[in-house]
Amino acid sequence: MSFDLGLSGRRALVTGGTKGVGAAVVQSLRNAGVKIMTTARTIPDMPQDDVLYVAADVATAEGCQTVADAALMQLGGVDIIVNVVGGSSAPGGGFAALTDNEWQNALNQNLMSAVRLDRALLPSMIEQGSGVIIHVTSIQHELPLPESTTAYAAAKAALSTYSKSLSKEVTPKGIRVVRVSPGWVETEAAVRLAERLADQSGTDYEGGKQIIMQSLGGIPLGRPARPQEVADLISFLVSPKAASITGTEIVIDGGTVPTA
Ligand SMILES: NC(=O)c1ccc[n+]([C@@H]2O[C@H](COP(=O)([O-])OP(=O)(O)OC[C@H]3O[C@@H](n4cnc5c(N)ncnc54)[C@H](OP(=O)(O)O)[C@@H]3O)[C@@H](O)[C@H]2O)c1
């Protein structure tokens, strides 16, 4: 973004900031002068000098505690939390393939990571009387794909409801809570998936993309969102320019969700 977001000097925790949407958010906030701590299970081989990295699995209670302690110690508190971590590793096969273990994994990764980090860091935000929390949900919570992402979609729906409740509780204390709900985003992992589908179907990369878009019922825009577009939206939402935006969910999906 070319206009000043007024974010210089703010302190942000961005989870999942080494790939995909999270990496774009780290880059955008960095460019806006934000001091950033980010997390992933594996730290990149070539970390950026001015970004603090914490290796932790935020799908576990211990991992969240490690990250929250590091944020409080090394950043001295946080003004912005962007909970990006999420995803699905469940096998295909519909409801019958979803064991208790698969359900628990989906909830730990997509819901409890945000719940635990917010719970650990909100007291310091409340004490300072200001802060912004972004939860990255997914259009799948209203447009689930039953073959393999039922648990993921349900966990994102829980994250969305949790976010709404949290916003009602903490907005009067100066903390905004906003959900960002992407449709398909063309991350490195999405590119690999499109290439794999293209190979299997004897088509090219654009053909692979078409297969994914058809599985979503089509994208009126004709393409997935770019990670940078999601990051630009999040950068605006965490900035003082979005000071009146809280308790809501902003969809960025090129028109994929067919209603409302
Ligand atoms: N891509 C899409 O089309 C799409 C669509 C809708 C919603 N979303 C949502 O957008 C968010 C980002 O998705 P993405 O596709 O950009 O993800 P991605 O490319 O798979 O990157 C995930 C990031 O999170 C880290 N991570 C994953 N699990 C973790 C864990 N348990 N503990 C700590 N770090 C972890 C990864 O690093 P390590 O692997 O090293 O841990 C990586 O930095 C997710 O919440 C996803 O549900 C994505």
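**Figure 1. Packing of helix 3 against helix 4 in the predicted model.** The axes of helix 3 (residues 100-128) and helix 4 (residues 150-170) come within 7 Å and cross at roughly 15°. Axes are lines fitted to C-alpha atoms, for helices over the stretch in contact, and angles run from 0 to 180 degrees between N-to-C directions. Helix 3 and helix 4 are therefore roughly parallel to each other; angles under 35 degrees count as roughly parallel, over 145 as roughly antiparallel, 65 to 115 as roughly perpendicular and the rest as oblique. The crossing of helix 3 over helix 4 is right-handed, a term for the near helix being turned clockwise from the far one by less than a right angle, with anticlockwise giving left-handed. Residues of helix 3 in the contact include W103, L107, N110, L111 and I126, and those of helix 4 include Y152, K156, L159, Y162 and V170. Contact means heavy atoms within 4.5 Å. By class, 17 residues of this contact are nonpolar, two are polar and two are charged. Ala, Val, Leu, Ile, Met, Phe, Trp, Tyr, Cys and Pro count as nonpolar, Asp, Glu, Lys and Arg as charged, and the others, Gly among them, as polar. Helices (H or I, at least four residues) and strands (E, at least two) are DSSP runs, numbered from the N terminus.

Residues are numbered from 1 along each chain as its sequence is written. Because this is a predicted model, local features need pLDDT of at least 70 and side-chain atom pairs count only at pLDDT 80 or more, while totals for chains, interfaces and linings use all residues; side-chain values use heavy atoms, with hydrogens and water left out.

**Figure 2. Surroundings of N110 in helix 3.** N110 has 1% relative accessibility and therefore counts as buried. Buried means under 20% relative accessible area, exposed over 50% and partly exposed in between (1.4 Å probe, protein chains only). Leaving out residues up to four places away in sequence, N110 touches G86, G87, Y152, A155, K156 and L159. From N110 to V58 the C-alpha to C-alpha distance is 9.6 Å, with their positions 52 residues apart in sequence.

**Figure 3. The loop that holds G93.** G93 is placed between strand 4 (80-83) and helix 3. With a relative accessible area of 41%, G93 is partly exposed. G93 and S148 are 55 residues apart along the chain, and their C-alpha atoms are separated by 6.3 Å.

**Figure 4. Helix 2 against helix 3.** These two helices pack at an angle of about 30°, with their axes 9 Å apart, and are therefore roughly parallel to each other. Helix 2 passes helix 3 in a right-handed crossing. On the helix 2 side the contact is made by A61, C64, V67, A68, A71 and L72, and on the helix 3 side by S113, R116, L117, A120, L121 and S124. Nine of these residues are nonpolar, two are polar and one is charged.

**Figure 5. The sheet and the helices lying on it.** Seven strands form an open sheet with parallel pairing, in the order 3-2-1-4-5-6-7; two strands pair if DSSP finds at least two bridges between them. Strand 3 (51-55) and strand 7 (249-252) stand at the edges with a single partner strand each, so one side of each has no neighbour in the sheet. From one strand to the next, the twist averages 15°. Strand 6 (residues 175-182) is joined to strand 7 by four bridges, and R179 has E249 of strand 7 as its bridge partner. Helix 4 touches strand 5 (131-136), strand 6 and strand 7, and its direction makes about 160° with that of strand 6. Helix 2 (residues 61-75) lies across strand 1 (11-15), strand 2 (35-40) and strand 3, at about 160° to strand 2.

**Figure 6. Helix 1 against helix 7.** Helix 1 (residues 20-31) and helix 7 (residues 227-238) pack with their axes 8 Å apart, at an angle of about 50°. The two are therefore oblique to each other, and the crossing is right-handed. Among the residues that meet are V21, V25 and L29 in helix 1 and V230, I234 and V238 in helix 7. The contact has nine nonpolar, four polar and one charged residues.

**Figure 7. S239, in the loop between helix 7 and strand 7.** S239 counts as buried, at 1% relative accessibility. Not counting residues up to four places away in sequence, S239 touches L5, L7 and R176.
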